Amino acid sequence: VEGGGRAIGGMLKRNRALKLVDVRWNNIGPVGGKALAEGLSGNSTILELSLSGNKLSDEVLGEIDRRLSSNRDEAGVTQGSIRSTSPYSSSSSRTPAPLSLPRRLP
């Protein structure tokens with residue numbers, strides 16, 4: 001399964017069209033999560049990445065969120081967001097809620 005995370009990370013590096021990626025419940029672990037984060041560097045098209053149900057740490061989720069938060073859509077709105085309710089994250093609550101950090105440019 002870590003190979004799947006690496007493959008998706010490689011695809012994200014080359015992506016110039018997708019804006020939403022849903023990889024919920026794919027058992028992606030730390031190695032695959034880091035590959036996803038790496039794949040997002042230099043990618044400005046992904047606006048949302050759904051990661052619920054994977055085995056990602058707070059550190060990996062934070063890195064992915066930092067990379068997504070700089071992405072902008074055509075309207076100039078910073079909408080990079082990550083949605084995760086990973087049961088393996090130390091900050092996940094008993095009632096999962098998506099983490100979404102939309103921002104608007106001044």
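## Thr45, tucked into a loop

Thr45 counts as buried because its relative accessibility is 17%; buried here means under 20% relative accessible area, exposed is over 50%, and partly exposed is in between (1.4 Å probe, protein chains only). Thr45 sits in the loop between α2 and β2 (48–50). Helices (H or I, at least four residues) and strands (E, at least two) are DSSP runs, numbered from the N terminus.

This is a predicted model, so local features need pLDDT of at least 70 and side-chain atom pairs count only at pLDDT 80 or more, while totals for chains, interfaces and linings use all residues. Residues are numbered from 1 along each chain as its sequence is written, and side-chain values use heavy atoms, with hydrogens and water left out.

## What Thr45 talks to

The side chains of Thr45 and Asn15 share a polar contact of 2.6 Å. That term covers a pair of N or O atoms within 3.5 Å; within protein, one must be able to donate a hydrogen and the other to accept it, and residues adjacent in sequence count only if both atoms are side-chain atoms. A polar atom of the Thr45 side chain also lies 3.2 Å from the backbone oxygen of Leu18.

Setting aside neighbours within four places in sequence, Thr45 is in contact (heavy atoms within 4.5 Å) with Asn15, Arg16, Ala17, Leu18, Lys19 and Asn71.

## Helix α2 and its partners

Just upstream in our tour is α2 (residues 30–40), which packs against α1 (residues 2–14) at an angle of about 0 degrees, with the axes 7 Å apart. Axes are lines fitted to C-alpha atoms, for helices over the stretch in contact, and angles run from 0 to 180 degrees between N-to-C directions. That makes the two helices roughly parallel, a label for angles under 35 degrees. On the α1 side, the contact residues include Gly5, Ile8 and Leu12; on the α2 side, they include Val31, Ala35 and Leu36.

Which residues of α2 are buried? They are Gly32, Gly33, Ala35, Leu36, Ala37, Gly39 and Leu40. The buried residues of α2 pack against α1, β2 and α3. After α2 comes Gly42, with a positive phi near 85 degrees.

## The core

The largest nonpolar core has 15 residues, and Leu40, Leu49, Leu51 and Ile64 have the most contacts inside it. Such a core is a set of buried Ala, Val, Leu, Ile, Met, Phe, Trp, Tyr and Cys residues joined through side-chain atoms within 4.5 Å. Helices α2 and α3 (58–69) are the elements that give it two or more residues, and α3 has the largest share, four residues.

Not counting residues up to four places away in sequence, Leu40 touches Leu12, Ile46, Leu49, Ile64, Arg67 and Leu68.

Terms used: Parallel < 35°, antiparallel > 145°, perpendicular 65-115°, else oblique.
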